[in-house]
Amino acid sequence: MKDMITILKYTIKENVTKKSFIITTIILMLMIVLVCNIPNIVNTIGGEEKEEQSLKYVLIDHDNIIGNDINALVEMGKTINWEIDINTTNTDEAIEKIQNNEIDGMLEVLLDEETKSAKLKYTSNGSIYVDDQSIINQFISMIKTIQINNILKQANVSPESLNIINADIEYETKHLQDANDNSGIAMAASFILFFAVYFYGNYVAVSVSSEKTSRVMETLVTSTTPRNIILGKTVAMGLVGLGQMLLLIFTAFVSYKLFIPPEMDIISSIMGNMNINIYSILICLIYFILGYTVYAFLNAVTGATVSKVEDLNSAQMPVAMIALISFYLAYFTATVPDSSASKFASIFPFSSAFSMPGRILAGGVASWEIIISIAILLVTAVLLAFISIKAYSGAVLHYGKRLNIKELLKLSKEK
Amino acid sequence: MGLRIEKVSKTYGDKKVVDSISFSMEKPGVYGLLGANGAGKTTTMRMILNIIQKDEGEITWNGKKVCKDNVRFGYLPEERGIYGKAKLYDQLMYFATLKGMKKAEAKEATIGWCKKLGLEEYLYKPAEQLSKGNQQKVQLMIAVIHKPELLILDEPFSGLDPVNTKIIKEIIMDLIKQGTYIILSSHQMAVVEEYCQDIVMLKQGKTVLQGNLNEIKKSYGRNNLLIETYQNIEGYIPANFKIIDKKANGYEFKIEKEEDAQKLLETLVENKVVIQKFELKEPSLQEIFIDKVGE
């Protein structure tokens, strides 16, 4: 136990002081901060010119349809960043201004002789930015409101009734069924867990194989037992991984709170939809630890079978295949959480760590399912620990050709 | 008391790499494990250290199994390996702690050994910055830092310059004085002759020669004749004398009987040949090795 802690401490120190580890962590943290700042960056780059340059229009009320309400219209325009000039009354003068780019367009309000309703003529230099249909629509609705109000006033409608007509209609939505699809959360969770479990597990393989390659292994196995080495290393890398992940999550949380403007806060609404509480977070943590353990032990054995670091990639193929297939199983069944494939994915020990946490966060998983799934995962982890300690002891001092599974089993039996 | 190895065997596949080896060390000293490449020396050492499981036989230290709880042992593997990126201090502390030393003791030993071996300036530098010879010294430090009772040295002098060889020789001498049981494997027979009272010689896993080095040599008889002279004496040499070596200042012959040497000496004196040195010797370990393991 004492040796295991010594190895654990050394492995942690060795890995967290590594330049590559520090740089990767810093880059990831910066990326998170950057992503959280995208709304602000967009605002500062794109937003400024837009705000400063309000749209300028000349409004000519040829037939005095708007009448005294023209000032109200100018005020209304200000709220949507329009600068409406009502002093220019000459059409030619306005057109010249448009050509000189002094204004963006001219709006002429006329009376249709036949229908007696208002007519709008819009003149602009034709740029897409200014010619937005929505601008014209907004203007039309403004004039329409003014016209309706005028007609109603003439018909002696009471001001109260006018207020009712002009008031915005409030609305609220209610879904009888939860229309919010939580499968996105489940997919994201399986993605994150896959990366964490596989990435940090891979570190164990690299660490073991590099010790073997540099022949430190011989000194190491005479200083302590293989069991201590493999357990110490696995736990250490797990802690390093967990630490890094928590640091990144913390960074994400803080920068989200600091940098994301409240009106863009979509995550809160998604989070509100999720089944997040101490219990579900704890379960996710358990899945990370157990899932990581399963893959880390497999990786430790893989690392011990090679004599050269170059051989590591090909040696890892079987484990990588298991991991990838399990991940895809979890990822694609996330969209159909009630299917039997999804249930299988969350119970099968190699994929449950990728599948179950997402399902739990999305909600609607029975407790017995979680208990069975964790139990199977735990048994698998313990079993793999025993097997890998044996295989590791047999393989660490084998140099030469890479061991295949048959030879590995034979060596493990001998040990 | 001491280390006993009894009828130990190991088979890989269908090849018996170690075949029923037995030897014992009753008192501190150096035991030589000799043999050509692939004779089974490293496998034997690893079995003694219990990092490879033996198929048959028994290995005991003071009647108990050889393991960390029963004996403090140190191992200098043939293939050198240290953590390249780790600081010297960190890895020495790491191994010292793993070998059961307390932090304060480990620190004292680490700094003490580095001073002794002239590696003080590298203490806080990555080990990969050290020269090959210095890395080897580090490896030796790792093997002896915890004052082992049983020390196994696999080719401790390979690749060392004369200065470093001398330093390491002195350290081994010190360890012998302190009562360490040392098993040493080397291809350099001169080294083995210098340290080992007892040897076991292996050939393809089998013991071909074993016992006290002096006795082995005696049993070979004093059949080497060394004559130092600046005159040409080849005319006086009997036909049954085999020239092993011919130097500017003399000859070395292999003879069949000691009496033949006496006769030659008489002949030389009668003919007034000036002789600087006339010596009957036992064969060197080198010759014994080639005789037993060669061909």
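This passage walks through the two chains of a predicted model, their domains, their nonpolar cores and a sheet in chain B.

It is convenient to start with the overall make-up of chain A. Its secondary structure comes to 17 helices and four strands. Of the 415 residues in chain A, 33% are buried. Among contacts in chain A with a separation of 6 or more, 77% link residues that stand 24 or more positions apart. The domain assignment divides chain A into domain 1, covering residues 54-166, and domain 2, made of residues 182-260 together with 272-414. Between the C-alpha centres of domain 1 of chain A and domain 2 of chain A there are 66 Å.

The nonpolar interior can be taken up next. The largest nonpolar core holds 136 residues, and the members that touch the most others are Val197(A), Ala300(A) and Ile152(B). Helix α12 of chain A, residues 278-305, provides the largest share of this core, with 14 residues. For a reader who would like to follow one of these positions on screen, Ala300(A) is a helpful place to look. Setting aside neighbours within four places in sequence, Ala300(A) is in contact with Val204(A), Ala205(A), Val208(A), Ile230(A), Lys233(A), Thr234(A), Ser388(A) and Tyr392(A). There is also a second, separate core of 17 residues, and Leu59(A), Ile66(A), Trp82(A) and Ala94(A) are among its members.

The contact between the two chains comes next. Here 16 residues of chain A are in contact with 20 residues of chain B. On the chain A side, α1 (2-16) and α9 (216-223) each supply at least two residues. The most comes from α9(A), which gives six residues to the side of chain A that touches chain B. Sorted by class, that side of chain A has four nonpolar, six polar and six charged residues.

Chain B, too, is split by the domain assignment, into domain 1 (3-217) and domain 2 (221-293). The C-alpha centres of these two domains of chain B lie 38 Å apart. Twelve residues from domain 1 of chain B and nine residues from domain 2 of chain B take part in the contact between them. On the domain 1 side, two or more residues come from each of β3 (29-35), α6 (189-195), β9 (198-203), β10 (206-212) and α7 (213-220) of chain B. Of that side, α6(B) gives the largest share, three residues. The class count for the side of domain 1 of chain B that touches domain 2 of chain B is eight nonpolar, one polar and three charged residues.

Just ahead of α6 in chain B is a residue worth a visit. Ser186(B) sits in the loop between β8 (181-185) and α6 of chain B. With 21 other C-beta atoms within 10 Å, against the 20 or more that define a buried residue, Ser186(B) therefore counts as buried. Not counting residues up to four places away in sequence, Ser186(B) touches Glu155(B), Phe157(B), Val191(B) and Val192(B). One of these partners, Glu155(B), is 31 residues away from Ser186(B) in sequence, yet their C-alpha atoms are 4.7 Å apart in space.

Finally, chain B contains an open sheet of four strands in the order β12-β13-β11-β14, with antiparallel pairing. Its edge strands are β12 and β14 (277-281) of chain B, each of which pairs on one side only. On average, neighbouring strands of this sheet are turned by 15° against each other, with direction ignored. As background, strands of a sheet pair through backbone hydrogen bonds, in either a parallel or an antiparallel manner.

Within this sheet, β12(B) and β13(B) form a hairpin with two residues between them. The two strands, β12(B) and β13 (residues 250-254) of chain B, run antiparallel and are joined by five bridges. Two facing pairs help to trace the hairpin by eye: Ile243(B) stands opposite Phe253(B) in β13(B), and Lys246(B) stands opposite Tyr251(B) in β13(B). Strand β12 of chain B, residues 242-247, is hardly covered, with a count of zero buried residues among its six.

Conventions. Residues are numbered from 1 along each chain as its sequence is written. Chains are lettered from A and ligands numbered from 1 in the order in which they are written. This is a predicted model: local features need pLDDT of at least 70, side-chain atom pairs count only at pLDDT 80 or more; totals for chains, interfaces and linings use all residues. Two residues are in contact if their C-beta atoms, placed from the backbone, lie within 7 Å. Ala, Val, Leu, Ile, Met, Phe, Trp, Tyr, Cys and Pro count as nonpolar, Asp, Glu, Lys and Arg as charged, and the others, Gly among them, as polar. A nonpolar core is a set of buried Ala, Val, Leu, Ile, Met, Phe, Trp, Tyr and Cys residues joined through C-beta atoms within 7 Å. A residue is buried if 20 or more other C-beta atoms lie within 10 Å of its own, exposed if 12 or fewer, and partly exposed in between; C-beta atoms are placed from the backbone. Domain bounds come from an automatic or database domain assignment. Two strands pair if DSSP finds at least two bridges between them. Axes are lines fitted to C-alpha atoms, for helices over the stretch in contact, and angles run from 0 to 180 degrees between N-to-C directions.
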